[in-house]
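Here are some notes on helix packing and on the main pocket. Please read them with the model open.

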Amino acid sequence: MLVFAPQPLVKVKLDERYGEENGLVGQAASWFQAASISLRKGATDDSKVLIRTTLLNWAEANALSKGIHVSWGKKPVDWQVMTLINAILTTTAAMAPEFTKEERIVIGPWLNRL
């Protein structure tokens, strides 16, 4: 059962020292990974509502819009943030058949930016 959905991370504070991770990014990635597994295994209606609401909250807040790029080279997206984005995309794909047209209008452009 999913509880305590992560709050949208609009600005990520990266620690670029080798091996360091951002705890909030890691917690959010774990939550979205669990959400996608729950959806694929047959989530309860309550879990589906929580997942849908969380995705919409993150999209409406434009989560991950700042601080996700490292400072070197061509400034790629941080590896840990990429794992979070992958978890978000996997969760969204598993939930997609249940989104309304209006929800897709909110979530789609946000995902395209990521």
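The points below take the helix pairs in turn, then the pocket.

1. Status. This is a predicted model. Residue numbers start from 1 along each chain as its sequence is written.

2. How the pairs are described. Two packed helices are characterised by the distance between their axes and by the angle between those axes. Each pair below is treated that way.

3. α1 with α2, geometry. Helix α1 covers residues 23-41. Its axis and that of α2 come within 11 Å and cross at roughly 135°. That angle makes α1 oblique to α2, since it is not over 145 degrees, the cut-off for roughly antiparallel. The crossing of α1 and α2 is left-handed.

4. α1 with α2, contacts. From α1, the contact uses A28, W31, F32, A35, S38 and L39. From α2, it uses S47, K48, L50, I51, T54, L55 and W58. By class, the residues of this contact are 9 nonpolar, 3 polar and 1 charged.

5. α2 with α3, geometry. Helix α2 spans residues 45-60, and helix α3 spans residues 79-95. Their axes come within 11 Å and cross at roughly 125°. α2 is therefore oblique to α3. The crossing is left-handed.

6. α2 with α3, contacts. On the α2 side, look at K48, I51, R52, L55 and W58. They meet L84, I88, T91, T92 and M95 in α3. The split for this contact is 6 nonpolar, 2 polar and 2 charged. Note that K48, I51, L55 and W58 of α2 are also listed in the contact with α1.

7. α3 with α4, geometry. Helix α4 runs over residues 101-113. The axes of α3 and α4 come within 12 Å and cross at roughly 150°. So α3 and α4 are roughly antiparallel to each other. α3 passes α4 in a left-handed crossing.

8. α3 with α4, contacts. Which residues of α3 meet α4? They are I88, L89 and T92, and their partners in α4 are I107, W110 and L111. This contact has 5 nonpolar residues, 1 polar and no charged. I88 and T92 of α3 also appear in the contact with α2.

9. Largest pocket. What is the volume of the largest pocket? It is about 210 Å³. The lining has 13 residues. Nearest the pocket centre lie D15, R17, G19, E20 and D78. The lining as a whole divides into 6 charged, 4 nonpolar and 3 polar residues.

Terms used
This is a predicted model: local features need pLDDT of at least 70, side-chain atom pairs count only at pLDDT 80 or more; totals for chains, interfaces and linings use all residues. Side-chain values use heavy atoms; hydrogens and water are left out. Axes are lines fitted to C-alpha atoms, for helices over the stretch in contact, and angles run from 0 to 180 degrees between N-to-C directions. Helices (H or I, at least four residues) and strands (E, at least two) are DSSP runs, numbered from the N terminus. Angles under 35 degrees count as roughly parallel, over 145 as roughly antiparallel, 65 to 115 as roughly perpendicular and the rest as oblique. A crossing is left-handed if the near helix is turned anticlockwise from the far one by less than a right angle, and right-handed if clockwise. Contact means heavy atoms within 4.5 Å. Ala, Val, Leu, Ile, Met, Phe, Trp, Tyr, Cys and Pro count as nonpolar, Asp, Glu, Lys and Arg as charged, and the others, Gly among them, as polar. On a 1 Å grid over the protein atoms alone, a cavity is a set of points where a 1.4 Å probe fits but cannot get out, and a pocket is an open set with protein on both sides within 12 Å along at least five of seven lines; lining residues have an atom within 4 Å of a point. Grid points are joined across faces, edges and corners, and a volume is the space filled by probe spheres set on the points.
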